[in-house]
Amino acid sequence: ANGAESCAECRASFDRTWDASWTRSATSFSGMVRTARLLRRLVAEQRYDLVHVHTPIAAFVTRLALRGVRRGRRPVVIYTAHGFHFHARGSALKNAMYAAAERLAGRWTDYLVVINRDDEAAALRHALQVIVCVGESEAERAAGSAVAVVTGQLQASLPEESREAELIVAYEPIWAIGTGKVATPTDVAEMHAAIRAHLVDRLGEAGGRVRILYGGSVKAENA
């Protein structure tokens with residue numbers, strides 16, 4: 001990120017930080033090329049196995065930079081969209097440009113995470129891979145309602161016309177994200193079984209083929 005190496009909080013929170021001259025301008029091609037070269041070099045040198053990107057332009061540049069990395073050396077790429085840059089209030093030109101960029105970069109994306117219904121519909125419309133994230137709070141687990149909470153989230157979150165090839169469900173218990181606390185293998189297995197049962201009930205035989213991931217904290221004891 002811009003200024004990451006001079007940010008004390010960033011240095012304290014991460015093992016290593018890197019400065020990259022990101023741009024918010026979709027027409028700054030020289031800036032995109034320069035940053036893409038830096039990203040390719042860093043990924044090759046550091047041998048990262050996962051890259052998580054967020055903002056539309058930075059996400060596009062990152063996915064563009066990594067698209068040609070050879071199989072076996074290419075990290076898994078996850079894109080969390082906090083709002084696509086093409087939308088009902090956007091101009092026709094910008095919408096066309098950003099939609100085309102997302103469709104193109106979708107080929108180089110392993111997992112897409114969206115956070116609202118409009119983006120979910122747009123992702124499905126443009127045949128982008130969608131992850132539905134579900135998970136209970138620590139209080140809900142302590143109260144014994146974790147399964148009911150998660151299946152309720154699934155019921156409310158699954159697209160109306162879900163197809164297993166376009167859908168991934170990630171179980172991410174809120175209490176195990178960035179807290180140092182971890183779910184036990186039994187916790188994860190119980191929840192994955194409940195999610196699978198709900199998917200089969202909702203989608204029929206196709207529900208048995210939907211991929212289910214675990215996205216909470218992981219240690220050697222529960223990996």
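This talk describes the fold, the aromatic contacts, the helix packing and several individual residues of one protein model.

Good morning, colleagues. Please keep in mind throughout that the model is predicted.

I begin with the overall architecture. The protein contains 8 helices and 6 strands. Along the sequence, these elements follow the order α-α-β-α-β-α-β-α-β-α-α-β-α-β. The chain has 223 residues, and 40% of them count as buried. The accessible surface is about 12900 Å², with 54% of that area belonging to carbon and sulfur atoms. As for contacts between residues at least 6 apart in sequence, 65% of these join residues at least 24 apart.

Let me turn to the aromatic side chains. How many aromatic pairs does the count come to? There are 3 aromatic pairs. One of them is formed by Phe60 and Trp108, whose ring centres lie 6.3 Å apart. Why is this pair called tilted? The planes of Phe60 and Trp108 stand at 50°, and an angle counts as tilted when it is neither under 30 degrees nor over 60. This pair links distant parts of the chain, with the two positions 48 residues apart in sequence. Phe60 belongs to helix H3, residues 56–66, while Trp108 sits in the loop between helix H4 (92–106) and strand S3 (111–114). Are these two residues buried or exposed? Phe60 has a relative accessible area of 18% and Trp108 one of 15%; buried means under 20%, so Phe60 is buried, and Trp108 is buried as well.

A further aromatic pair joins Phe84 and Phe86, and this one is stacked, with 5.1 Å from centre to centre and 15° between the planes. Both Phe84 and Phe86 are buried.

Two arginines also address aromatic rings. The charged end of Arg67 sits over the ring of Trp108, at 5.8 Å from the ring centre. Trp108 is thus a ring that we meet in two settings, the pair with Phe60 and the placement of Arg67. Elsewhere, the charged end of Arg16 is placed over the ring of Trp18, 4.0 Å from its centre.

I now move to helix packing, starting with H3. Of the 11 residues of H3, 10 are buried, so this helix is largely enclosed by the rest of the structure. The buried residues include Ile57, Phe60, Val61 and Leu66, and Thr62 and Arg63 are also among them. The axes of H3 and H4 come within 10 Å and cross at roughly 35°, and the crossing is left-handed. On the H3 side, the contact involves Pro56, Ile57, Phe60 and Arg63. As a general point, an α-helix has 3.6 residues a turn, so residues three or four places apart point the same way. On the H4 side, the partners are Tyr98, Ala101, Glu102, Leu104, Ala105 and Gly106. Phe60 therefore takes part both in the tilted ring pair and in the contact with H4.

The second packing example concerns helix H7, residues 146–157, and helix H8, residues 185–203. Their axes are 10 Å apart, and the helices pack at an angle of about 35°. Which hand does the crossing of H7 and H8 have? H7 passes H8 in a right-handed crossing. From H7, the contact draws on Ala146, Val147, Val150, Thr151, Leu154 and Gln155, and from H8 on Glu190, Met191, Ala194, Ile195, His198 and Arg202.

I close with four individual positions. Thr17 lies in the loop between helix H1 (8–13) and helix H2 (29–46). With 10% relative accessibility, Thr17 counts as buried. Leaving aside residues up to four places away in sequence, Thr17 touches Ala4, Glu5, Cys10 and Arg11.

Arg34 is located in helix H2 and is partly exposed, at a relative accessible area of 47%. Its C-alpha lies 9.4 Å from that of Trp22, with the two residues 12 apart in sequence.

Arg47 occupies the loop between H2 and strand S1 (50–53). Although Arg47 is not a glycine, it has a positive phi of about 55°. Its relative accessible area is 67%, and Arg47 is exposed.

Finally, Ala139 is placed in helix H6, residues 138–142, and counts as exposed at 57% relative accessibility. The C-alpha atoms of Ala139 and Trp175 are 8.7 Å apart, with 36 residues separating them along the chain. Thank you for your attention.

Notes. Residues numbered from 1 in each chain as written. Predicted model: local features only at pLDDT ≥ 70, side-chain atom pairs only at ≥ 80, totals over all residues. Heavy atoms only, no water. Helix = DSSP H or I, 4+ residues; strand = E, 2+ residues; numbered from the N terminus. Buried < 20%, exposed > 50% of the residue type's maximum accessible area, 1.4 Å probe, protein only. Contact = heavy atoms within 4.5 Å. Areas by Shrake-Rupley, 256 points an atom, 1.4 Å probe, with all protein chains shown as cover. Phe/Tyr/Trp six-rings, centres within 6.5 Å; stacked < 30°, edge-to-face > 60°. Lys NZ or Arg CZ within 6 Å of the ring centre and 35° of its normal. Axes fitted to C-alpha atoms, helices over the stretch in contact; angles between N-to-C directions. Left-handed = near helix turned anticlockwise from the far one by under 90°.
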